[in-house]
Amino acid sequence: MSLARTTKEPKLPRLPIDFRTRFGPWAIITGASSGIGAEFARQLTIFGFSVVIVARRKQKLDELANMLIKKHAVQVKVIAVDLAQQDGWRTVVEETEQLDVGLLVNNAGVELHGSFFDQRVESHMNLISVNVTAASALAHDIGLRIAKRGSGGIIFVSSLSHRPTPWWATYSSSKSFVTSLGLALRNELKPKGVHVSVLEPGLVKSEMSDAWMRDLSCPDKKWNQMPVEQCVSAAMVAIVHNDAQITPGWRSSAKVHIIGALPTWLSVKITGSASKKCMNAASVNNAE
Ligand SMILES: NC(=O)c1ccc[n+]([C@@H]2O[C@H](COP(=O)([O-])OP(=O)(O)OC[C@H]3O[C@@H](n4cnc5c(N)ncnc54)[C@H](OP(=O)(O)O)[C@@H]3O)[C@@H](O)[C@H]2O)c1
């Protein structure tokens, strides 16, 4: 039996009627002040979830919270923290202790592109702290709670670029970790009734992709940015079906299959030369 929503919101996926009972009533979404994370908050509240929204920009989170509370009869808890800091993810764990959390969306992420050596070491460490350390810590402490409940799920937001990608070296390595952690935990958590899905999107319209496309002077038309709605709807269906990995959209999905079928040395060579072409003259010159 499916629950179809009549709403002016973007078209939602058809999900089982017990979706909220199994994965709610509370969901924690990191990186919810914009892009994919904010869309997770929007879609989950339409399905009746109460949400904990986490990011650094408090004003954006407050605006989103006010909008969601006004539209839906749900509770929204704002946690404005820097997940690159240990007390950031610890605050999320502590401030949600009393909530019945059934779903964790490990989405917050930082991107870096260009030559590995052009970036300050602090930028690489910051990326690792957000994309790897905070995501693992939350998967551990919140995942343990979800496992004790005996039902629920974790969505890890990785990337199509989770294989070694020159010029995106630290980013792609961090996403390799996220994919690997998600797939391993999926096996460990299955007997506990916890679903784990790894979302590996291609290019999705967001602040992050807009910023690097601008920086690299990518022509908008050539790079099909998927709307966040489509990306998040696909992830919601995946977690309900307990799909292991999901890459929304046929173009991105085809890329996964093609790149995945190649030996690693060849895929590194191909993605390396494609990425290098994408770099603007200034950053390429700096790297040489
Ligand atoms: N857009 C794409 O094409 C694409 C493709 C593949 C994968 N992804 C992944 O999708 C996820 C979401 O990205 P997006 O595309 O939606 O980009 P986005 O709009 O830039 O969202 C990134 C989110 O992460 C939060 N964040 C960043 N650093 C943080 C920190 N130190 N502490 C707490 N929160 C932090 C940001 O909030 P604050 O700035 O307010 O802290 C923001 O809410 C990321 O993991 C990204 O790697 C995106």
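**A parallel sheet, its helices and a pocket**

Strand S3, covering residues 26-30, runs parallel to strand S4, covering residues 50-55, and 5 bridges join the two. Within this pairing, Trp26 has Ser50 of S4 as its bridge partner. The model described here is a predicted one.

The pairing of S3 and S4 belongs to a wider arrangement. An open sheet of 7 strands, paired in parallel, follows the order S5-S4-S3-S6-S7-S8-S9. Its edges are formed by strand S5 (76-80) and strand S9 (245-246), each of which pairs on one side only.

Helices lie against this sheet. Helix H2, made up of residues 35-46, lies across S3, S4, strand S6 (101-106), strand S7 (152-157) and strand S8 (194-199), and runs at about 165° to S3. Helix H5, made up of residues 121-149, also packs on the sheet, where it touches S3, S6, S7 and S8. The direction of H5 makes about 160° with that of S6.

Helix H5 also takes part in a pocket. The second largest pocket has a volume of about 190 Å³, and its lining consists of Ser136, Ala139, His140, Gly143, Leu144, Ala147, Leu181, Leu185, Glu188, Leu189 and Lys192. Two or more residues of this lining come from each of H5 and helix H6 (169-189). The greatest contribution is that of H5, with 6 residues. By character, the lining of the second largest pocket divides into 6 nonpolar, 3 polar and 2 charged residues. Helix H5 thus appears in both settings: it packs on the sheet, and it gives the most to the lining of the second largest pocket.

Conventions. Residues numbered from 1 in each chain as written. Predicted model: local features only at pLDDT ≥ 70, side-chain atom pairs only at ≥ 80, totals over all residues. Heavy atoms only, no water. Pairing = 2+ DSSP bridges. Helix = DSSP H or I, 4+ residues; strand = E, 2+ residues; numbered from the N terminus. Contact = heavy atoms within 4.5 Å. Axes fitted to C-alpha atoms, helices over the stretch in contact; angles between N-to-C directions. 1 Å grid on protein atoms, 1.4 Å probe; cavity = no way out; pocket = protein on both sides within 12 Å on 5 of 7 lines; lining within 4 Å. Points joined across faces, edges and corners; volume = space filled by probe spheres on them. Nonpolar A, V, L, I, M, F, W, Y, C, P; charged D, E, K, R; others polar.
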